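User: Please take a close look at one part of this model, the sheet with mixed pairing, and explain how its strands are arranged and what packs on it.

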Amino acid sequence: MTIVEIASTTSTNSWLAENSGSLTLPTLVYALEQTAGRGQRGNSWEAETGKNLTASVLLVPAGVEPQRQFVISEAVALAVSDTLRELGVETKVKWPNDIYAGDKKICGILIEHSIMGRKITRTIAGVGVNINQEVFCSDAPNPVSVVQITGKENPIAGVAQILGGRIEARISQIPAGTVHAEFMRNLWRGDGAYYPFYDKIRHQKIEARISDIAENGILSLLTADGEIREYAFKEVEFILDYGKRY
């Protein structure tokens, strides 16, 4: 994995997209300052300059059909969890691809594919990991960082090196077909218990447990009434104990 450090950019995903033609594969680029980092749902990503890992990885995952693209997201999410474990933080993956330490968000992931015909020609995986930031000023409901959990700061360059290696290792496991099962074992609120969700299709709160996640990323919930409901991203939200939906 080639590692590239840049001082500042609007978005590492955008930087990789603009410079992909001149880079070797795979490449991880991280920025000490990201001025317009993008998250899921069009949200911005808060990151104090020099304190957190704002990175993107350029990949060409061989043999993954577009209809199975979610396995790439699973592999990247597991790689982030592997990295955080090395830093002393145990995490779970919140569907589709946020990383949680307990009930707090420590990382967000944004996967962007380029598809031509029946092939994924390029994947850019953006990762924002809260490492050394101690105070969060945005209205995000539940951020947390490695330093807040462990009391120890970590050099961002070192974390980038670890993450690059872990992503390579997890992507290499895709052909063996083992990634999805491990993703399910590492799923936040995937313990078989019933939790509150907000069904955005029917505009109602439900109690349900995670039943399955399909290879295209569709989430299946089993309601307390015994009904199976399927959701694409943005069609259902988790509800935490203090009532926030996301």
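Analyst: Two strands are said to pair if DSSP finds at least two bridges between them, and strands (E, at least two residues) and helices (H or I, at least four residues) are DSSP runs numbered from the N terminus. The model is a predicted one, in which local features need pLDDT of at least 70, side-chain atom pairs count only at pLDDT 80 or more, and totals for chains, interfaces and linings use all residues. Residues are numbered from 1 along each chain as its sequence is written, and side-chain values use heavy atoms, with hydrogens and water left out.

Strand β2 (residues 27–34) runs antiparallel to strand β3 (residues 53–59), the two being joined by five bridges, and within this pair Thr-27 has Leu-58 of β3 as its bridge partner.

Both strands belong to an open sheet of seven strands with mixed pairing, ordered β1-β2-β3-β7-β6-β5-β4. At its edges stand β1 (2–9) and β4 (92–94), each of which pairs on one side only. From one strand to the next, the twist averages 25 degrees, where axes are lines fitted to C-alpha atoms, for helices over the stretch in contact, and angles run from 0 to 180 degrees between N-to-C directions.

Helix α2 (residues 70–86) packs on this sheet and touches β4, β5 (98–101), β6 (104–116) and β7 (119–129), contact meaning heavy atoms within 4.5 Å; the direction of α2 makes about 145 degrees with that of β6. Helix α4 (residues 156–172) also packs on the sheet, touching β1, β2, β3 and β7, and its direction makes about 35 degrees with that of β3.
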